[in-house]
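Biologist: Could you show me the fold and talk me through how some of its pieces pack?

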Amino acid sequence: MVIRKRLAPLLALLVSAFSLASAQQAPPVDDYIHHAWDSLTRSMSECKSVADTKLARASVLYLPAGYPERPEVKALETQCHVQVRYLPHPINRIGDIKPHEIPDAGLLYLPNKYVVPGGRFNEMYGWDSYFIVLGLLQDHRLDLARGMVENFFFEIQYYGAILNANRTYYFTRSQPPFLSSMIRAVYDTYIAEGKTKDAADWLNYSYPYAVRDHTLWMSREHQAGTTGLARYYDLGDGPVEEMADDSTYYPDVIRWLLAHPKERGDYLVSGPDNPNAAQQAQLAQTSCDPHISPVCAHAHVDGHWLSRDFYKGDRAMRESGFDPSFRFGAYDGSTHHYAPVCLNALLYKYENDLAWMAETRKQMQEAAHWRGDAAARKSAINKYLWNAQKGMYFDYDFVAGRQSSYHYIATFYPLWAGVADAEQAKAVESHLNLFERPGGLAMSDVESGVQWDLPYGWAPTNWIAADGLAKAGDLADAVRISRRFTTMVRNNYQCDQTIREKYDVVTASTQVNVASGYKMNVIGFGWTNATYLKMNALIRDAHQPETPVNVPPRACTAPAH
């Protein structure tokens, strides 16, 4: 024991020296990112594409009903021991296929290569892919970027909509609507390269898919009451299947609610921990069905189960991409009761994008229709989501009939989307101090203990905010935020040669301590790689004075994986 104590300082020094030496030998961040696109690329000809660590089951690949089996799929079946099956019938919209029709979860076929986020996220995700596409285009990977957007067209045609990701358990929801922005990014790249005919052909090919994708958000289920705004909504019930690899999440939520009775609301119901058949049938009505859902069967604590409505909110939260925060109640259990700032700003931009596409295609009547839709949405945003007294945008609880008071980074989305006028943009900019931390912008000013709140900052929202500030003419703040975030990413990369999905922007570190919920910090990472490249381009092109930013360096320890 004495020898071990004496050796401890020496061992610590050796570990530190090893880490520092590794940092000195590491390739530059840009090289890491450039090569990471290939390591994160998946296709239907590789065994690793089908793997799903979220479920401990045999791999299954599903083809659309009646779709011809390609040679690469046949090879996947024989070389990787993957079961290849067909979906039971054609799908026209989300909700057309029911969970019981696909008893064994699996990967949904896509025709083109795609880049995954990294780690357990081994699929092509909806909103992740927008930022990944931006990064690929910035890194001169047009073909790969275009192929990913065309994969979304395939999803719309054969799976009914852009899904949360291409797994069968995502058939009940989408993700934030960025398709029109992806289409424009590819178009702009063609134009920048002088390929005007390719750009025109691309737009003609893409426009019908964008129109159909927009239709999803106009469905009755996605309407936020009578506000004229949209909400996030999942057509499924009960706990999500992909949480099978985190069996403590829902019980942790129950324990937190029991410890905080004032925050409980109607999120809990009573029920036996070992229900008989009749009691299971009752729970299926008030909570979830433990007979058909293994995740549900474990989601109880001392006679307490999560309510059916909580699960609707939990599922809607996952469509939002912010899973979880406390923005829409504890653990976002009331997400489906709100008209969110982010979603409606995105749809305003989408409608203006559709108007631009129609005008470019000389379809002036359609363009006028889309301009009208955008104008109506802007009016509703100003009525329900803008708070002139506070100078910020807030989500609207259309069930309770009141505006939220939760400070969230989504307040910058209207700047990025062009909803905010000059006066509104200036007011929002004046509240940067609520979010700005040494490593960039935090999600909120509430330290709830979950990953989409303070102290965590994420690449996509930092980019939306920085780019939004730049679009509003506030280059100084846009550049400063970009310098903070890129410096933090670079400092951490020099420690362990990784780029992660999220960062603690208070300590400017990848070393996170999430109290409950999803606790890992995955390596990869698609949207962080992209944001790093885009922010560096913003800094370079803005031609602003190089003012120093105070980003605390990370103390390097043993490499973390």
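Biologist: Do α4 and helix α6 run roughly parallel or roughly antiparallel?

Modeller: It's a predicted model, where local features need pLDDT of at least 70 and side-chain atom pairs 80 or more, while totals for chains, interfaces and linings use all residues. Numbering starts from 1 along each chain as its sequence is written, and side-chain values use heavy atoms, with hydrogens and water left out. α4 (126–138) and α6 (179–192), both helices (DSSP runs of H or I, at least four residues, numbered from the N terminus), have axes (lines fitted to C-alpha atoms over the stretch in contact, angles from 0 to 180 degrees between N-to-C directions) that lie 10 Å apart at about 10 degrees. With under 35 degrees counting as roughly parallel, over 145 as roughly antiparallel, 65 to 115 as roughly perpendicular and the rest as oblique, α4 and α6 are therefore roughly parallel.

Biologist: How many residues of that contact are charged?

Modeller: The contact (heavy atoms within 4.5 Å) includes Y130 and L134 of α4 and M182 and T189 of α6. Asp, Glu, Lys and Arg count as charged, Ala, Val, Leu, Ile, Met, Phe, Trp, Tyr, Cys and Pro as nonpolar, and the others, Gly among them, as polar. The tally is seven nonpolar, four polar and, for charged, none.

Biologist: Which strands stand at the edges of the open sheet?

Modeller: The three strands (E runs of at least two residues) have the order β3-β2-β4, with parallel pairing (at least two DSSP bridges). A single partner leaves one side of each edge strand without a neighbour in the sheet, so the edges are β3 and β4.
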